[in-house]
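Q: Could you take me on a close look at the part around the ligand, and at whatever sits beside it? I'd like one connected walk-through rather than a list.

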Amino acid sequence: MPTSVTILGIESSCDETSASICVDGKILSNVIATQKIHEKYGGVVPELASRAHIQNIVPVVDTALKESGRSLNEIDAVAFTQAPGLIGSLLVGAQFAKSTALALGKPLIAVHHMQAHVLANLIGEHTPEFPFLCLTVSGGHTQIVKASSPLKMEVLGETIDDAAGEAFDKTAKILGLPYPGGPLIDKYAAQGDPLAFSFAKPQVPGLNFSFSGVKTSVLYFLQKQQQEDPNFVRDHLPDLAASIQYTIIEVLIKKLKKAIKETGISHVCIAGGVSANSGLRTALENLGQELNVSTYRPDFQYCVDNAGMIAMTGYYKYQAGDFASMDVSPTARASW
Ligand code: KG4
Ligand code: ZN
């Protein structure tokens, strides 16, 4: 094994094309090209996403190398998102990673996107100790994970229907906001009253979640209000956003609290795109104080889909000698 390990990480599971260089567990660059094309369709269009990945991948990797000050022949392994995600998008990253590894004569590392979201918490200075709990909240997933070591993780609970990010995006769509609506709900919520309106908080047993009832509750409430006042949404946008955000966060924090109490684990993280939400970040800090546990959240650039977390996971897999064969295929759905 080389004394210093340099990993090129590639992420292409959805609508972000990203590349990163990680040297000995430190991220030297993390370049993210967000595909704006999907905004006008109100959601990610898979075929357009894969085409955009094809256009973006070479310049994004090139920029990541330049920003890190490393050259391609200094790379010791190529890590890429193997699952889960949009199959056409995953294929672009997988093919690029395989060709690069083959051309360099270096190993290939297949990374599970959700495991990488959790490990984003190990990037930077303020990092959790093992074992830790992680609430991973993204556009496609909502999970509570127990991480016993970088590569040993167990899903303790997950959503049985919509993900938390989907709940944000779908309710934002009902409010007439463009995709992705999560960050816009966050923005408007800052000026609103979280207790102005009350929406359903779906209950499911154990550490699992359910969110599909939130959008239905918002939809029926607004249909009724708009019959009386067609400008209801326009006139109450901050209060609506704040109340929706409050509802989703309450559901998330309640289950995280239950997981902390049941496991007795005192290092607690959040991860995934929704962990960028300012309300959730504050709620996590408050929970830390209430239960006397240490809380962690990735820097914003490592919350959303990014290759830094893929390169970081690749670094741990490299140390464990966990390499993929050249005939590995990406998988749209994969548990772990
Ligand atoms: O992890 P991510 O970038 O992609 C997936 O793997 O899905 O998460 C994207 C999700 C979207 O649903 C987006 O609306 C949500 O994260 N999101 C937010 C915020 N920033 C991103 N939701 C609420 N508040 C935010 N500030
Ligand atoms: Zn993600």
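A: Let's settle one term before looking: a residue counts as near a molecule if one of its heavy atoms lies within 4 Å of it. Keep in mind, too, that this is a predicted model.

With that in hand, the shell around ligand 1 has 19 residues, and G139, D169, D186, G273 and N277 are the ones that come nearest. By type, that shell splits into ten polar residues, six nonpolar and three charged.

Now for the polar contacts made by the backbone. G139 puts a polar backbone atom 2.8 Å from an oxygen atom of ligand 1. Over at G273, a backbone N or O atom sits 2.9 Å from a ligand oxygen, and for G182 the distance from a polar backbone atom to an oxygen of ligand 1 is 3.3 Å. As for how wrapped up the ligand is, the protein covers 89% of the 550 Å² of accessible area that ligand 1 has on its own.

Where does the shell come from? Helix 3 (113–119), helix 4 (164–174) and helix 5 (182–189) each put at least two residues into the shell around ligand 1. On the domain level, domain 1 (6–119 + 303–319) and domain 2 (128–298) each give at least three residues to that shell.

D186 is a handy bridge to the next stop. Besides being one of the residues that come nearest to ligand 1, D186 helps line the second largest pocket, along with A189, A190, G192, P194, A242, Q245, Y246, I249, E250, S278 and G279. That pocket holds about 210 Å³ of space. Helix 5 turns up again here, since helix 5, helix 7 (232–263) and helix 8 (278–291) each supply at least two residues of the lining. Helix 7 gives the largest share, with five residues. The lining's residues divide into six nonpolar, four polar and two charged.

While you're in there, a few backbone oddities deserve a glance. Helix 3, one of the shell's suppliers, leads into a loop that runs to strand 6 (132–137) and contains P131. The peptide bond joining F130 and P131 is cis, with omega at about -5 degrees. A83 and P84 are also joined by a cis peptide bond, this one with omega at about -20 degrees; P84 is placed in the loop between strand 4 (77–83) and helix 2 (87–104). Then there's D24, which has a positive phi of about 50 degrees despite not being a glycine. You'll find D24 in the loop between strand 2 (16–23) and strand 3 (26–34).

Definitions and conventions:
Residues are numbered from 1 along each chain as its sequence is written. Chains are lettered from A and ligands numbered from 1 in the order in which they are written. This is a predicted model: local features need pLDDT of at least 70, side-chain atom pairs count only at pLDDT 80 or more; totals for chains, interfaces and linings use all residues. Side-chain values use heavy atoms; hydrogens and water are left out. A polar contact is a pair of N or O atoms within 3.5 Å; within protein, one must be able to donate a hydrogen and the other to accept it, and residues adjacent in sequence count only if both atoms are side-chain atoms. Accessible areas come from the Shrake-Rupley method with a 1.4 Å probe; for residues, only the protein chains shown count as cover. Helices (H or I, at least four residues) and strands (E, at least two) are DSSP runs, numbered from the N terminus. Ala, Val, Leu, Ile, Met, Phe, Trp, Tyr, Cys and Pro count as nonpolar, Asp, Glu, Lys and Arg as charged, and the others, Gly among them, as polar. Domain bounds come from an automatic or database domain assignment. On a 1 Å grid over the protein atoms alone, a cavity is a set of points where a 1.4 Å probe fits but cannot get out, and a pocket is an open set with protein on both sides within 12 Å along at least five of seven lines; lining residues have an atom within 4 Å of a point. Grid points are joined across faces, edges and corners, and a volume is the space filled by probe spheres set on the points.
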